[in-house]
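The following exercises ask you to work from the sequence and the coordinates towards a reasoned description. Try each task before you read its solution.

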Amino acid sequence: RGQLKIAVAAMAARCRLAARFHHVHGANVRLDASRTRATRVESFANGLCFSQEPLVPGQIFLVEIEEKELGWCGHLRVGLTAHDPQSLEVVPEYSLPDLVNMGDTWVFAITRSHNRVTVDGEEAPARAQSPPWEPFLLIERVRIPRDTLVGRSRPGRYSHILDDLYKMNVLPATARRSRIGVLYAPQPDGTADMHIVINGEDMGPSARHLPATRPLYAVVDVFASTKSVRVIPVEYGFPSLQTLCRLVIQKHIVHRLAIDGLDLPLPLKSFCKHE
């Protein structure tokens, strides 16, 4: 039991370290002091970012879209690479196709629909959708607290119009406050499948046969209409009592504006609104 606690603590510490961006990044990227927020300050390209550390199996690197920029075509791109950012002589201008053409890199553009990779001759099975109050997202043997993965619009004057979307945990994948993550799941043959998660929904394997024995870094390309993203730390474990209470409240209210009328402390109301 003692060794298990040490292993869990070590993984938690590594997850916290990896939940920020690498100091090596594209020429047009500016990081904040904590290296958890990346903003593209010029043009529409040179927005490539990497995770600070290689990911461990089942560890998700999750970002939230904070700012958009009108006038550009294209959106956020995410994926994994076996290239150590420190070893790059020059950070490529684009993840697609520049970084991918270097090999050992798997990157996909985020759109409203997302392709899934299947075994040859096999049709993609329908994804079973978990209820929005289900506390965990299951990806093969990986279990991730679902609440942190879900992006939600900020409550406002007309937010009740969006309540059906809010309760179903649906935001357009490319919208502000949308949350997008990438991870890899080891397979019996010693390789790994890459999964992209959008607002708490697993998009299925986006790439197969990744070299699971090599260090794999997350890739986040702050491209075109996506201007700024923020890393969201994910704690692996049981949801807190506060989170469970929020899920129950959200499940039973008429709409989010009704939270203001509840006899609750203001910080808890804000937490229930997921601000």
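A residue is called buried under 20% relative accessible area, exposed over 50%, and partly exposed in between, with a 1.4 Å probe and protein chains only. This is a predicted model, in which local features need pLDDT of at least 70 and side-chain atom pairs count only at pLDDT 80 or more, whereas totals for chains, interfaces and linings use all residues. Residues are numbered from 1 along each chain as its sequence is written, and side-chain values use heavy atoms, with hydrogens and water left out.

**Exercise 1. The open sheet**

Work out the order of the strands in the open sheet of seven strands, and state how they pair.

Solution. Begin with the terms: helices (H or I, at least four residues) and strands (E, at least two) are DSSP runs numbered from the N terminus, and two strands pair if DSSP finds at least two bridges between them. With these rules, the order reads S1-S2-S13-S4-S9-S10-S11, and the pairing is antiparallel. The edges are formed by strand S1 (29-31) and S11, each of which pairs on one side only. Neighbouring strands of this sheet are turned by 25 degrees against each other on average, direction ignored; the axes behind this angle are lines fitted to C-alpha atoms, for helices over the stretch in contact, and angles run from 0 to 180 degrees between N-to-C directions.

Next, follow individual pairs. Strand S2 (residues 37-40) and strand S13 (residues 226-232) run antiparallel and are joined by three bridges, with Ser 228 in S13 as the bridge partner of Thr 39. Strand S10 (residues 192-198) is joined to S11 by five bridges, again antiparallel, and Ala 192 has Leu 210 in S11 as its bridge partner. S10 and S11 form a hairpin with two residues between them, and Asn 199 in the turn has a positive phi of about 50 degrees.

Finally, consider how S11 is covered: of the ten residues in this strand (residues 201-210), seven are buried.

**Exercise 2. Salt bridges between separate parts of the chain**

For three salt bridges, identify the elements that they tie together and the accessibility of each partner.

Solution. A salt bridge here is a side-chain nitrogen of Lys or Arg within 4 Å of a carboxyl oxygen of Asp or Glu, and the structure holds eight of them.

1. Arg 40 and Glu 69 meet through their side chains at 2.9 Å, N to O. Because Arg 40 lies in strand S2 and Glu 69 in the loop between S4 and S5, this pair ties together parts that are 29 residues apart in sequence. Arg 40 counts as buried at 0% relative accessibility, while Glu 69 is partly exposed at 26%.

2. The side chains of Arg 230 and Glu 64 form a salt bridge at 3.4 Å, N to O. Since Arg 230 belongs to strand S13 and Glu 64 to strand S4, the parts tied together are 166 residues apart in sequence. Arg 230 is partly exposed, with a relative accessible area of 27%, and Glu 64 is buried at 5%.

3. Asp 193 and Arg 208 meet in a salt bridge of 3.0 Å, N to O. The first residue lies in strand S10 and the second in strand S11, so the pair ties together parts that are 15 residues apart in sequence. Asp 193 is buried at 4% relative accessibility, and Arg 208 is partly exposed at 25%.

As a last step, look for shared partners: Arg 37, Glu 64, Glu 66, Glu 67, Arg 179 and Arg 230 are joined into one network by such salt bridges.

**Exercise 3. The nonpolar core**

Which residues of the largest nonpolar core touch the most other members, and which strand supplies the largest share?

Solution. A nonpolar core is a set of buried Ala, Val, Leu, Ile, Met, Phe, Trp, Tyr and Cys residues joined through side-chain atoms within 4.5 Å. The largest has 32 residues, among which Phe 21, Phe 61, Val 220 and Val 229 touch the most other members. At least two residues each come from S4, S5, strand S9 (179-186), S10, S11, strand S12 (217-221) and S13, and the largest share, four residues, comes from S10.

Taking contact as heavy atoms within 4.5 Å, and not counting residues up to four places away in sequence, Val 220 touches residues including Phe 21, Cys 49, Phe 61 and Val 229. A second, separate core of eleven residues includes Leu 62, Leu 137, Val 142 and Val 234.
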